[in-house]
Amino acid sequence: MIREPASFLWGAATSAHQVEGNNIHNDWWQWEQKTPGAVKSGAADDHYRLFREDFALARELGHNAHRLSLEWSRLELKEGQWNEGAIDHYREVLECLRENGLASFVTLHHFTNPMWLSKRGGWENKETPRLFARYAEMVAEHLGDLIDFWVTINEPMVYVTQSYWRACWPPQRHSLRATLKVIRHMAYGHRLAYENIHRVKPQAKVGIANSVIAFSPDSERKVGDKLAAGLNDWWYNHRFFGLTKGTHDFIGLNYYFPRKLGVKIMPLRVEQMPVSGLQSDLGWPIKAEGLTHILSYMKRYRLPIYITENGLADADDSRRADFIRDHLRAIERAQEGGADVRGYLHWSLLDNFEWIEGFKPRFGLVEVNYETMARKPRPSAYVYKAIIEQARK
Ligand code: FCB
């Protein structure tokens with residue numbers, strides 16, 4: 001049984017570009033229009049208009065928390081100019097969460113950048129941390145009274161890897177120098193934003209949502225494999241926390257899958273080895289025990305932990321209910337071992353625009369018909385609801 005179920009936060013997560021629709025002023029939108037083969041996000045889930053319906057559904061499904069992101073490019077349409085219309089819109093959104101009894105987790109940066117920022121070099125520009133912190137301050141002043149938990153940056157390591165190393169997301173750069181620079185700038189941006197938010201709202205709870213992977217060596221007997229797993233763990237799971245020490249009020253973790261690493265020679269390389277068992281529709285291995293493992297050493301930060309994302313692409317909903325059950329059990333086990341986990345946000349409330357994968361992967365507790373925009377909770381959404389109700393009894 002989840003510890004302290006009465007105060008535990010149960011819910012789901014989304015992000016602006018993936019659900020709102022028509023985010024025409026950010027770099028992803030621009031990139032989708034001009035890149036051959038790229039899927040266009042278009043109207044996405046039309047959540048910008050339908051948020052009331054979606055939050056009422058979340059409440060009906062037993063949730064008491066919800067994570068969403070604000071779209072920076074809507075709020076700061078032109079550099080230094082705050083868009084009153086967008087501020088009012090997000091006030092309505094956050095008030096609607098309150099009305100539905102949903103605690104809010106609000107992300108400030110979830111992969112997209114305003115076009116004006118991207119034209120200035122995005123996160124490679126050394127001015128960007130300051131510009132980001134100014135945006136955070138504006139949000140604290142105008143919307144801070146309605147925000148329960150702040151997530152400054154979503155998955156900095158994923159962003160930097162995809163955009164500056166693998167070159168598959170905008171701005172499609174492949175440069176070690178840029179990669180290291182962007183990480184430094186994002187860390188600095190987080191620290192400045194943390195200070196600004198706290199200056200305006202001293203009681204604010206501020207953190208990040210860090211993507212974590214449960215790395216393991218292919219063979220426990222091979223020093224090389226163990227070294228590869230250890231180094232990846234340090235770099236991917238902990239480096240950003242290290243660069244931002246002292247500026248977290250909680251630890252936010254996005255967990256999806258484990259990764260087994262083996263070192264091969266001639267030529268020397270590290271390879272991802274196959275992981276046995278079930279997979280999601282995207283081929284991501286499903287291993288709930290990886291979450292227990294991650295949580296067991298995230299204890300070291302001595303901060304409350306929230307699972308800010310966890311889920312799978314599962315169009316026929318054949319694996320989602322078990323996935324949720326197993327990952328909640330994994331959390332219980334970690335709690336028994338002393339990890340202070342206080343909430344679980346499933347990815348996602350709705351099917352949505354899954355970046356370069358487009359609309360094919362179905363991550364939603366709720367199915368979205370993209371022709372009619374109709375919403376229909378999947379059976380697993382009711383299983384999750386029953387688990388929540390049972391825990392609260
Ligand atoms: C995470 C992202 C989120 C979503 C899920 C499937 O890495 O934060 O936007 O795409 O993966």
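Display the molecular surface of the protein chain to begin: the accessible surface comes to about 16400 Å², and carbon and sulfur atoms account for 52% of that area. The model on screen is a predicted one.

**The whole chain**

Change to the C-alpha trace and turn it along its principal axes, where the span is about 60 × 55 × 45 Å. The radius of gyration of the protein chain is 20 Å, which agrees with the value near 21 Å that a compact globule of 393 residues would have. Colouring by burial shows that 60% of the 393 residues count as buried. In a cartoon view, 13 helices and 11 strands can be followed. Of the contacts with a separation of 6 or more, 75% join residues 24 or more positions apart.

Next, select the charged side chains. The protein chain carries 52 positive and 48 negative ones, and the centres of these two sets lie 6 Å apart.

**Helix H8**

Now select residues 156–165, which form helix H8. Nine of its 10 residues are buried, so the rest of the structure largely encloses this helix. To see them, show the side chains of Pro-156, Met-157, Val-158, Tyr-159 and Val-160, followed by Thr-161, Gln-162, Ser-163 and Tyr-164.

Which elements do the buried residues of H8 pack against? Add three strands to the selection, namely S3 (103–109), S4 (149–154) and S5 (205–217), together with helices H9 (176–200) and H10 (223–243); these are the packing partners. Before leaving this region, move to Ala-167, just after H8, where the backbone takes a positive phi of about 60°.

**Aromatic rings**

Select the aromatic side chains next; the count of aromatic pairs comes to 33. One of them joins Phe-105 and Phe-250 in an edge-to-face arrangement, at 6.3 Å centre to centre and with 85° between the planes. Phe-105 belongs to strand S3, whereas Phe-250 sits in the loop between H10 and strand S6 (251–264), so the pair ties together parts 145 residues apart in sequence.

Are these two rings buried or exposed? Phe-105 counts as buried because its relative accessibility is 1%, under the 20% limit for that class. Phe-250 is also buried, with a relative accessible area of 1%.

As a last stop, select Trp-28, Trp-31, Phe-111, Trp-169, Phe-353, Trp-355, Phe-359 and Tyr-370. Ring pairs link these eight names, from Trp-28 to Tyr-370, into a cluster.

Technical notes
Residues are numbered from 1 along each chain as its sequence is written. This is a predicted model: local features need pLDDT of at least 70, side-chain atom pairs count only at pLDDT 80 or more; totals for chains, interfaces and linings use all residues. Side-chain values use heavy atoms; hydrogens and water are left out. Buried means under 20% relative accessible area, exposed over 50%, partly exposed in between (1.4 Å probe, protein chains only). Helices (H or I, at least four residues) and strands (E, at least two) are DSSP runs, numbered from the N terminus. Contact means heavy atoms within 4.5 Å. The radius of gyration is taken over C-alpha atoms; the globule rule is 2.2 Å times the number of residues to the power 0.38. Accessible areas come from the Shrake-Rupley method with a 1.4 Å probe; for residues, only the protein chains shown count as cover. Lys and Arg count as positive and Asp and Glu as negative; His and the chain ends are not counted. The place of a charge is taken as NZ of Lys, CZ of Arg, CG of Asp or CD of Glu. Rings of Phe, Tyr and Trp (its six-membered ring) pair if their centres lie within 6.5 Å; planes under 30 degrees apart count as stacked, over 60 as edge-to-face and the rest as tilted.
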